[in-house]
Amino acid sequence: MKKRILHILSSNELAGAENVAINIINNLSNKYECAYASPEGGIRKILESNDIHFIPLEKFNVFQLRKVIDLWKPDIIHAHDFKATVKCLVASIMIPVVSHIHQNPNWLKRVNPYSILFFLACFKIKQIVVVSPDIKKSTFLATIFNSKTTVIRNIVDIKRIKEMSETTIEDEYDIAFIGRLNRIKNPLRFISIIEKVKEVIPNLKVVMLGEGPQEKECKEHIKKSDLVGVIDLKGFLPNPYPQLSSSKILVMTSLSEGLPIVAIEALALAKPIIVPRLEGMEYIVNKTCGFICNSEDEFVSKIIYSLKSEKSYIDMSRAAAKQATELCDMNVYRRNLDQVYRSVF
């Protein structure tokens, strides 16, 4: 009889952590019986399309989590990120919890109420998975909890992404932005960068995919910057890959990242990526397939170079596909996760 793994997430839409959870379930379903629990929302359709058992939560609180745990009776709870981890520890009591940390927030590196709470939670967590060595080495996870912390870098299912990207769309874009419209992803900075790029490339076409608390500000900034006909703000799409495939490059402006799934997805579709200098980015991006930028002006110059130099773009596109293949060894990924689960039983 297969062991049961219950993946628990606090959000109800598709983003990086949700993609990782889906990827894990799809690739370990032959070995484990898996379910996905989160608040009701747009994630349902995506899970249904992947034939993943979804358990909706009325609210993301300890009472609802305990109810789901008692009903489904998992052998392991796989909690994705900090909020889910802490609440699952309170709700689960006797069931072991694997904590999967997808972000590298600054508060984790300092003494504050959040880091103290997670520090205390780590004593009860059975295994901790981080997606970048930087998350481990810059925090207490490298010392006190080193023996129970494993680095498993995010990867993507390249074949699946290519298949999902094959839907034909009418529009073609120069630049794509994919992510939550919130402070961490910094979409307002992205819009400011596009405003400067447009001064050099007047016929620029840009797509922004995502929704979030800064959506209204983004619309206002687009209008104020005279970019209404330049930036196509499409909101959240269950399948963003046709738009990404129809774009030339992906640009990220995040203030913080763990190991960004969308960057690897772009590489898988042979798209060069232009990203901010954050811990761990050098693992994904090298000078053959994209650029790591230190300033807004550098973003602007690298975007213009990528779009106007046809030969360089072709070379970078080929290198992007090669980089994705090297990053995404699914056999190693499955083996590493299986080892984490086995250490908990």
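**Note on the predicted model: aromatic contacts, sheet, salt bridges and cores**

1. F145 is buried, its relative accessible area being 4%. This is a predicted model, and the points below should be read with that in mind. The ring of F145 is partnered with that of F123, the two centres lying 5.0 Å apart with the planes at 80 degrees, so the pair is edge-to-face. The pair connects distant parts of the chain, since F123 sits in the loop between α5 and β6 (127-130) and F145 in the loop between α6 and β7, 22 residues apart.

2. The structure holds 14 aromatic pairs in total. Another of them is formed by F119 and F140, again described as edge-to-face, with 5.3 Å from centre to centre and 85 degrees between the planes. Here helix α5 (residues 113-122) supplies F119, while F140 comes from the loop between α6 (133-137) and β7 (149-151), the two being 21 residues apart. F119 is partly exposed at a relative accessible area of 23%, whereas F140, at 16%, is buried. One aromatic cluster takes in F119, F123, F140 and F145 together with F82, W107, Y114 and F118.

3. Six strands make up an open sheet in the order β10-β9-β8-β11-β12-β13, and their pairing is parallel. At its edges stand β10 (231-235) and β13 (290-293), each of which has a single partner strand, so one side of each is left without a neighbour in the sheet. On average, and with direction ignored, neighbouring strands of this sheet are turned by 20 degrees against each other.

4. Within that sheet, strand β8 (residues 173-178) runs parallel to strand β9 (residues 206-209) and is joined to it by four bridges; A176 has V207 in β9 as its bridge partner. Helix α8 (residues 187-200) packs on the sheet, where it touches β8, β9, β10, β11 (247-251) and β12 (273-276), and its direction makes about 175 degrees with that of β9.

5. A search of the whole structure finds 13 salt bridges. In one of them K31 pairs with D338, and the closest N and O atoms are 3.0 Å apart. The residues belong to distant parts of the chain, K31 to the loop between α1 (16-28) and β2 (32-39) and D338 to helix α15 (residues 330-344), with their positions 307 residues apart. K31 is partly exposed, at a relative accessible area of 41%, while D338 counts as buried at 9% relative accessibility. A network of salt bridges links K31, D338 and R342.

6. The side chains of E257 and K185 also meet in a salt bridge, at 2.7 Å from N to O. E257 lies in the loop between β11 and α11 (261-268) and K185 in the loop between β8 and α8, so the pair ties together parts that are 72 residues apart in sequence. Both E257 and K185 are buried. In a further salt bridge, D232 and K234 have their closest N and O atoms 3.5 Å apart; D232 is partly exposed with a relative accessible area of 22%, and K234 is likewise partly exposed, at 34%.

7. The largest nonpolar core contains 95 residues, and the members that touch the most others are L6, Y36, F118, I273 and I284. A second, separate core of 29 residues includes F190, F291, C293 and I303. F118 is thus a member of the largest core and also of the aromatic cluster described above.

Key
Residues numbered from 1 in each chain as written. Predicted model: local features only at pLDDT ≥ 70, side-chain atom pairs only at ≥ 80, totals over all residues. Heavy atoms only, no water. Pairing = 2+ DSSP bridges. Axes fitted to C-alpha atoms, helices over the stretch in contact; angles between N-to-C directions. Contact = heavy atoms within 4.5 Å. Salt bridge = Lys/Arg side-chain N within 4 Å of Asp/Glu carboxyl O. Buried < 20%, exposed > 50% of the residue type's maximum accessible area, 1.4 Å probe, protein only. Core = buried A, V, L, I, M, F, W, Y, C linked by side-chain atoms within 4.5 Å. Phe/Tyr/Trp six-rings, centres within 6.5 Å; stacked < 30°, edge-to-face > 60°.
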